Amino acid sequence: MDQRKRTILYHYTDFQAVDGILRCAQLRVNNVLRMNDSAEMRHFMNRLCSAVVERLRQTGKPDRVPEIQALFREEIKKEYSAFAACFSFHRDDAAQWERYGNRGRGICIAFQREYLQRIARGALSLQLVFYQNDMAGHPMVEEFCRLVEQGAELSSENPEIKKVMREAWACSVSFKHPSFSSEYEMRLVVAPFERGDFDIQPCYHVTKERIKKYYPLDLRSMCREIGIGIEDLIAEMIIGPDSTQSKAIFQDYLRDNGLHTLAGRVTLSDCPLRGLVL
């Protein structure tokens, strides 16, 4: 993929969500644990544990292995949540339309990566996602092995262990199982433990089946802080391949909401995604 394409990040969604992003200038970051990878965050923690265990065996500390395994086993039972908005480097991609773009009936918003990077401050960060199983070379392996070498008590009550575990959980948001590698993803993430300077209050969306927690990012004020407008942030909008949305009506919607420049950036998908036949 050439460098030009890497400057754009694509967010696949539905028209209800796009109304919130464009008219309300609000981007939601949702609970990572409720996304399509059932092993989110725990995938990294499990693989990290395996890497630490292997390092201890190699360095002559096999007697501490059961302690490390027990420590991680208890930690992984906890439900630590990170919140994220997800983007792909893939434009007009069939798999993205199916998974995130309301089965091709939604819309894809193209964001300028540079501006997303600039608005990601404090507890908010833009992170590339890595798709791997082997964590042997990850710096957190060294951190845990260092504590073992120092004879630290491997207990969740140990302040040093708590600190390293928090760091590990924060890292976990950027790792997924290799079977998801085709998504080629970046995430705008609210770190689960470092929200001291994050003053946005959570909101809750209530459905018939459950209550969902999310954080609403105020795009208008965030763009203002870096000297741009929302129309600078968005490079293109692609109407899904199986959508019944009229391009002309969508452009009227944009103009009537004061987004005249964006009205000229609406395109139709070229993806030959076949709709669901009933």
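Cys171 counts as partly exposed, at 25% relative accessibility. In this predicted model, the cysteine sulfur closest to that of Cys171 belongs to Cys145, and the separation of 15 Å is too far for a bond. Cys271 presents another case, for it counts as buried, at 11% relative accessibility. The sulfur of Cys271 has its closest cysteine sulfur in Cys108, 11 Å away, which is also too far for a bond. How many disulfides does the structure hold? The number is zero. A disulfide requires two cysteine sulfur atoms within 2.5 Å, so neither of the two distances quoted here can count as one.

**The chain as a whole**

The protein has 278 residues, of which 46% are buried. Its secondary structure consists of twelve helices and twelve strands. Along the principal axes, the C-alpha trace spans about 70 × 45 × 40 Å. Among the contacts with a separation of 6 or more, 81% join residues that are 24 or more positions apart.

**Helix H11 and its surroundings**

Helix H11 covers residues 247-256, and its buried residues are Phe250, Gln251 and Leu254. Why do these residues lie on the same side of H11? They cover an arc of only 100 degrees around the axis, and this places them on the same side of the helix. A general property of helices is relevant here. An α-helix has 3.6 residues a turn, so residues three or four places apart point the same way. On the other side of H11, by contrast, Ile249 and Asp256 are exposed.

Several elements contribute to the cover over the buried residues of H11. They include two helices, H2 (15-22) and H12 (260-263). Strands S4 (107-112), S11 (234-239) and S12 (266-268) are also included in this cover.

The two ends of H11 can be described as well. At its start, a side-chain oxygen of Ser246 comes to within 3.3 Å of the backbone nitrogen of Ala248. After the helix comes Gly258, which has a positive phi, near 80 degrees.

Strand S12, one of the elements covering the buried residues of H11, contains Leu268. This residue is partly exposed, with a relative accessible area of 48%. When residues up to four places away in sequence are not counted, Leu268 touches Ile238, Ile239 and Lys247. The C-alpha atom of Leu268 is separated by 7.2 Å from that of Pro241, although the two residues are 27 residues apart along the chain.

**Residues in loops**

Three loop residues are described next. Asn158 is found in the loop between helix H7 (139-149) and helix H8 (159-172). A polar atom of the Asn158 side chain lies 2.9 Å from the backbone nitrogen of Glu160. Asn158 also touches Ala152 and Glu153, not counting residues up to four places away in sequence.

Asp92 lies in the loop between S3 and H5. Its phi is positive, near 50 degrees, in a residue other than glycine. Asn102 belongs to the loop between H5 and S4, and its phi is likewise positive, near 55 degrees, in a residue other than glycine.

The table sets out the accessibility of these loop residues.

| Residue | Relative accessibility | Class |
|---|---|---|
| Asn158 | 12% relative accessibility | Asn158: buried |
| Asp92 | 13% relative accessibility | Asp92: buried |
| Asn102 | 36% relative accessibility | Asn102: partly exposed |

Asn102 counts as partly exposed because its value of 36% falls between the limits of 20% and 50%.

**The largest pocket**

Empty space can be located in a simple way. Rolling a probe the size of a water molecule over the atoms shows where empty space is left. The largest pocket holds about 1,400 Å³ of space. It is lined by 39 residues, and those closest to its centre are Thr13, Ala17, Arg28, Asn30 and Lys212.

The elements that give two or more residues to this lining include helices H2 and H5 (94-100). Strands S1 (8-13), S2 (26-31), S3 (83-88), S8 (185-190) and S10 (211-218) also give two or more residues each. Which element gives the most to the lining of the largest pocket? The answer is S3, with six residues. Helix H2 therefore appears in two parts of this description: H2 is among the elements that cover the buried residues of H11, and H2 gives two or more residues to the pocket lining.

How values were computed
Residues numbered from 1 in each chain as written. Heavy atoms only, no water. Buried < 20%, exposed > 50% of the residue type's maximum accessible area, 1.4 Å probe, protein only. Helix = DSSP H or I, 4+ residues; strand = E, 2+ residues; numbered from the N terminus. Arc of directions from axis to C-beta. Contact = heavy atoms within 4.5 Å. Polar contact = N/O pair within 3.5 Å; in protein donor to acceptor, adjacent residues only side chain to side chain. 1 Å grid on protein atoms, 1.4 Å probe; cavity = no way out; pocket = protein on both sides within 12 Å on 5 of 7 lines; lining within 4 Å. Points joined across faces, edges and corners; volume = space filled by probe spheres on them.
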